[in-house]
Amino acid sequence: MPRVLVTAALVLVCTGALAEVPAARRGELANLIRHDCGSCHGLTLRGGLGPALTPDALRGRSPADVRRVIRDGLPGTAMPPWRGLLSEDELEWITGELLAGTVADDS
Ligand code: HEC
């Protein structure tokens with residue numbers, strides 16, 4: 001395999017491992033995104049009371065910014081803080097799912 005492919009594969013493996021969330025918990029979090037977040041943002045995350053959370057809608061936003069909104073909520077709006085309910089790894093995983101669009105796609 002050319003060296004550049006090996007490097008790309010390694011980078012993929014490493015980014016996947018960044019948010020250390022066990023497989024079983026990932027399933028629960030995917031449900032949380034669809035149902036809890038979905039209750040305001042729409043079951044397919046295309047918007048409802050809250051704005052769409054699709055990759056298109058979030059284009060240009062940094063992962064750190066999206067993660068902060070989920071962690072701290074948006075005071076003065078209906079967007080609640082999730083920090084007591086989700087660990088930092090879980091927040092990171094959910095942010096990655098939203099920016100990649102994976103959860104909404106397989107619902
Ligand atoms: C009770 C309703 C409600 C729930 C539940 C909720 N949100 Fe929100 N969310 C909102 C509203 C309303 C806004 C927009 C606030 C504003 O800027 O006026 C928002 C904004 C956001 C934003 C910022 C979007 C942008 O384009 O700036 C993100 C990201 C977000 N929510 C993620 C989540 C995630 C992830 C969950 C589940 C863990 C969740 N929300 C659950 C109501 C909700």
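**Exercise 1. Work out what share of the protein chain is buried, and which elements the chain is built from.**

Step 1. Start with burial: in this predicted model, buried residues account for 18% of the 107 residues in the protein chain.

Step 2. Now the elements. The protein chain has five helices and zero strands, and reading along the sequence gives α-α-α-α-α.

Step 3. Check how far along the sequence the contacts reach. Take the contacts between residues at least 6 apart in sequence: 58% of them join residues at least 24 apart.

**Exercise 2. Describe how H2 packs on H4: is the pair parallel or oblique, and which residues meet?**

Step 1. Get the geometry. H2 covers residues 23-41 and H4 covers residues 88-100; their axes come within 11 Å and cross at roughly 60°.

Step 2. Classify the angle. Roughly parallel needs an angle under 35 degrees, and roughly perpendicular starts at 65, so H2 and H4 come out as oblique to each other. As for handedness, H2 passes H4 in a right-handed crossing.

Step 3. List the contacts. On the H2 side you'll find Arg26, Leu29 and Ile33, and they meet Glu90, Trp93, Ile94 and Glu97 in H4. Sorted by class, this contact has four nonpolar, no polar and three charged residues.

**Exercise 3. Do the same for H3 and H4: what are the distance and the angle, and which residues meet?**

Step 1. The axes of H3 and H4 come within 9 Å, crossing at roughly 120°.

Step 2. The roughly perpendicular range ends at 115 and roughly antiparallel needs over 145, so H3 and H4 are oblique to each other. Their crossing is right-handed.

Step 3. H3 brings Pro63, Val66, Arg67, Ile70 and Arg71, which meet Leu91, Glu92, Ile94, Thr95, Leu98 and Leu99 in H4. The class tally for the contact of H3 with H4 is seven nonpolar, one polar and three charged residues.

**Exercise 4. Find which residues come nearest to the ligand, and which helix gives the most to the shell.**

Step 1. There are 20 residues around the ligand, and Cys37, Cys40, Gly50, Thr77 and Met79 come nearest.

Step 2. Trace the shell back to the helices. H2 and H3 (63-72) each supply at least two residues, and H2 gives the most, with five.

Step 3. Sort the shell by class: 15 nonpolar, four polar and one charged residues.

**Exercise 5. Place glycine 50: where is it found, is it buried or partly exposed, and what is it in contact with?**

Step 1. Glycine 50 is found in the loop between H2 and H3, and is one of the residues that come nearest to the ligand.

Step 2. Count neighbours. Being buried takes 20 or more; glycine 50 has 17 C-beta neighbours inside 10 Å, so it counts as partly exposed.

Step 3. Look for partners. Skipping neighbours within four places in sequence, glycine 50 is in contact with Cys40, His41, Ala78 and Met79. Cysteine 40 is ten residues away from glycine 50 in sequence, with 5.3 Å between the C-alpha atoms.

**Exercise 6. Repeat the steps for glycine 101: which loop is it in, and which residues does it contact?**

Step 1. Glycine 101 is in the loop between H4 and H5 (102-105).

Step 2. Its count is 16 C-beta neighbours inside 10 Å, so glycine 101 is partly exposed.

Step 3. Outside its neighbours within four places in sequence, glycine 101 is in contact with Thr54 and Pro55. Threonine 54 lies 47 residues from glycine 101 along the chain, yet their C-alpha atoms are separated by 5.9 Å.

Note on methods
Residues numbered from 1 in each chain as written. Predicted model: local features only at pLDDT ≥ 70, side-chain atom pairs only at ≥ 80, totals over all residues. Axes fitted to C-alpha atoms, helices over the stretch in contact; angles between N-to-C directions. Helix = DSSP H or I, 4+ residues; strand = E, 2+ residues; numbered from the N terminus. Left-handed = near helix turned anticlockwise from the far one by under 90°. Contact = placed C-beta atoms within 7 Å. Nonpolar A, V, L, I, M, F, W, Y, C, P; charged D, E, K, R; others polar. Near = placed C-beta within 6 Å. Buried ≥ 20, exposed ≤ 12 C-beta atoms within 10 Å, placed from the backbone.
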